[in-house]
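The following exercises are to be worked with the sequence and the structure at hand. Each task is followed by a solution in steps.

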Amino acid sequence: MGLRRTWGTTLHPELEAEQAYIDFAYECLAAARDRASSLRTMVEVGRGGTEQARFEREVIFDSIAQRLGQLELGDATLCFGRIDTEPEAAAPAPGGVVNGHGPPVTNGHGPAAATDAARADGALPAGPPPAPPGPAGGAGDTFYIGRVAVSDANQEVVVVDWRAPVAEPFYRATGRSPMGLARRRHFATRGRRLLGIEDELFGERALGLGRDDGISGHGALIAALETARSGRLGDIVATIQGEQDEIIRAPMPGVLVVQGGPGTGKTVVALHRAAYLLYTHRFPLEDQGVLVIGPNRLFLGYIEQVLPSLGEAGVQLAVLADLVDTVAVRGRDDPLPARVKGDARMVKVLAKAVRDRKRPLRRDLVVGYGLTHLRLTVAQSERIVADARRRARHHNGGRRFVEQGVWEALADSARTPVDPGEVRSRLRHTPEVREALERMWPVLTPAQLLHDLYGSHALLELAGRRHLSDEEVASLVRPRSESVEAVTWTVDDVPVLDEARALLGATPRGRRNGDTDDLRTYGHIIVDEAQDLSPMQLRMLTRRSLNGSMTVVGDIAQSTGAWAHASWDEVLDLLPERRPPRRAELTVGYRIPGPNMALAARVLAEAAPEISPPQSVREDGRDPHVVQVAEADLAAQVAATTITELAEAGTGNLGVICPGSLTDRVSEALTRAGVDHGVALTQGLSQQVTVVPVNMVKGLELDATVVVEPALVVEEEPQGMRSLYVALTRATKLLSVVHALPLPAAMAPEGATA
Ligand SMILES: Nc1ncnc2c1ncn2[C@@H]1O[C@H](COP(=O)(O)OP(=O)(O)OP(=O)(O)O)[C@@H](O)[C@H]1O
């Protein structure tokens, strides 16, 4: 059984009727917006009434504002297709069904009736009611699928939200498994204008023609993929494919791991899953929160538009450093300390480092008290520390037990009875008492603990000798900064600071400002580029998972960090284990045209031989251009190639992907050649041309790329071949390579040896 497609080279006979229906849907959307706006004016947050009344008004106000946000589509298309079910598959759907005679007749009160009613109460503009065509099967049901749900004035469904269960066959039906569909129709639109219609017929109507390769809405998909990139990832609600939809709608509990090659849609799919889960489990997820973790800020800037355009508020996009918000983070460590700081052995090292900070006195504390002296003996201090260790869940929380023990012991030592409370108020600011408390049990922030630890070979040695090698211990030492505020923390310090925070808990001062021992958790966590996360980074995420529900996406072949994982098992071992994890794979590549993928696949075969390359949806495309020049001419040639590629890319964007050491030289050459450009580090992808060091390019996508000096990429990056694979898989269209050094063997022209 197959599918039959008719994609608008000639005018589709139902174009006009569908256009009328789409116009009607937009009118209903505008009416819904007007209603929400006037409601907002009515509930405008005022000062009057009781506190309870004001609170309720604010809640209503917020939800209207959110609804208005959802109804604000900007340039995005409202309705991108429809499905017609087979007559026998027709079943009433909650909230309204489009019955028997096509879209205008919903439950017997179609848009025609609805329009009259709405016009009567002034909600809809005047105009003829639409007369859209009936369903393919004659007597089945029809549902229009769109970005948000729209109803008419009678609350009849006009457009179904893409996340609703009824929309599932729009994305999942195949020739082999039509899911009760007679026809699926994709609309090609520009704004509100319907430009073309693509039909896929199922069952007997398919007549065995057309494709059944699991790709649905082929024309719409290719049109979406050919569109020039804006430097920001967009949504794919109109063209989600079956294998992607299964991941998006997978049940929420537990960990779901998604492996997929470059351009298979892992990032978009993960973000659409966030939107789907919030729609389907709004209560309790909206309160619990959804966290999306990306590898760096450039990447977050690249994806930040996708979720609002899906109508989702309340999702937190973050890099790991944002979760440790008390310190500023810049740069990375050298490979050895980076690796040690990511290693799970650091858990034990830190626990020991905190233990080492709880010390009995070296000699008795004797302190003047009026005409007499009070005494705390070494043995008493030992008992107090041991007792607080047993009682405190977090280090800082133990300080009050220690203080209490000290006041009591000092009071006990008086010749005449003294009240410990009195001792406390008279002695707590005395320097020798404070010093004793600091020795026995200092209050520590994570930064103070690490500042002291890294700044002292002795403390490191004490904490690490049973867990780390001498070389590893030595790699962590760094010159002591003047104050803890002057320390520059690195990305690699972040999970160590977080581990320290989990051990230390809130400080008394933090507690007074509302801080607690417990960290903020989330009902669902989405992790992108997860293949690069170290065990300590994964622990950070597990710590923030409320109930073990996570979506973890990545590509083992693109793991390039200090902690490049060889398999997902290694990652899963470090994630919450409340349920058996589920795995999914994305196999179809949407970004990379066939010829570019063929070159990248040769590099992949060496970088990660066990991983198969994705199958490109677009088999055609220009062959990659490879240009060799003398070393002295390299940067000038990069500029020249950039200019030629730009001419071919038209309005599309272009990335010059360099080994880190060549970034400045290439940028200067572009300036000399008069090419306006940005540098990713400071400007993101906001310019048409951007120079991107290879270690920042992961996850990004451009229309055209010029990859500079592959051999140097391989030499400079810790996982060189994998970094090169990442670099070669960024372009949606044009790929050029400019080099002076011999190419890595895997890239040499087929048949040639390097
Ligand atoms: N079903 C789809 N319809 C239209 N475009 C799609 C679809 N799936 C993916 N794409 C597009 O393919 C491109 C690649 O998607 P995405 O960046 O999510 O892939 P990825 O697997 O995360 O890639 P990488 O591993 O390189 O980070 C994006 O432009 C995305 O919009």
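Two residues are in contact if their C-beta atoms, placed from the backbone, lie within 7 Å. The model is predicted.

**Exercise 1.** Determine which residues of α24 are buried and what covers them.

Solution. Begin with the burial criterion: a residue is buried if 20 or more other C-beta atoms lie within 10 Å of its own. In α24, this holds for N596, M597, L599, A600, V603, L604 and A607. Next, consider the contacts: the cover over these buried residues includes β16 (588-589), β17 (615-616), α29 (720-728) and β23 (731-739).

**Exercise 2.** Test the length of helix α24 (residues 594-607) against the expected span.

Solution. At 1.5 Å a residue, the 14 residues should span 20 Å. The end C-alpha atoms are 19 Å apart, which agrees.

**Exercise 3.** Describe the open sheet that contains β8 and β15, and place α7 relative to its strands.

Solution. Six strands follow one another in the order β10-β9-β13-β14-β8-β15, with parallel pairing. β10 (315-318) and β15 (582-586) are the edge strands, each pairing on one side only. From one strand to the next, the twist averages 15 degrees. Strand β8 (residues 255-260) is joined to β15 by five bridges, and Q259 has E585 of β15 as its bridge partner. Helix α7 (residues 266-280) lies across β8, β9 (290-293), β10, β13 (524-527), β14 (550-554) and β15, at about 165 degrees to β14.

**Exercise 4.** Characterise the shell around the ligand.

Solution. The ligand is surrounded by 23 residues, the closest being P262, G265, K266, T267 and Y590. The elements giving two or more residues to this shell are α5 (218-226) and α7. By class, the shell has eight nonpolar, eleven polar and four charged residues.

Conventions: Residues numbered from 1 in each chain as written. Predicted model: local features only at pLDDT ≥ 70, side-chain atom pairs only at ≥ 80, totals over all residues. Helix = DSSP H or I, 4+ residues; strand = E, 2+ residues; numbered from the N terminus. Expected span 1.5 Å × (residues − 1). Buried ≥ 20, exposed ≤ 12 C-beta atoms within 10 Å, placed from the backbone. Pairing = 2+ DSSP bridges. Axes fitted to C-alpha atoms, helices over the stretch in contact; angles between N-to-C directions. Near = placed C-beta within 6 Å. Nonpolar A, V, L, I, M, F, W, Y, C, P; charged D, E, K, R; others polar.
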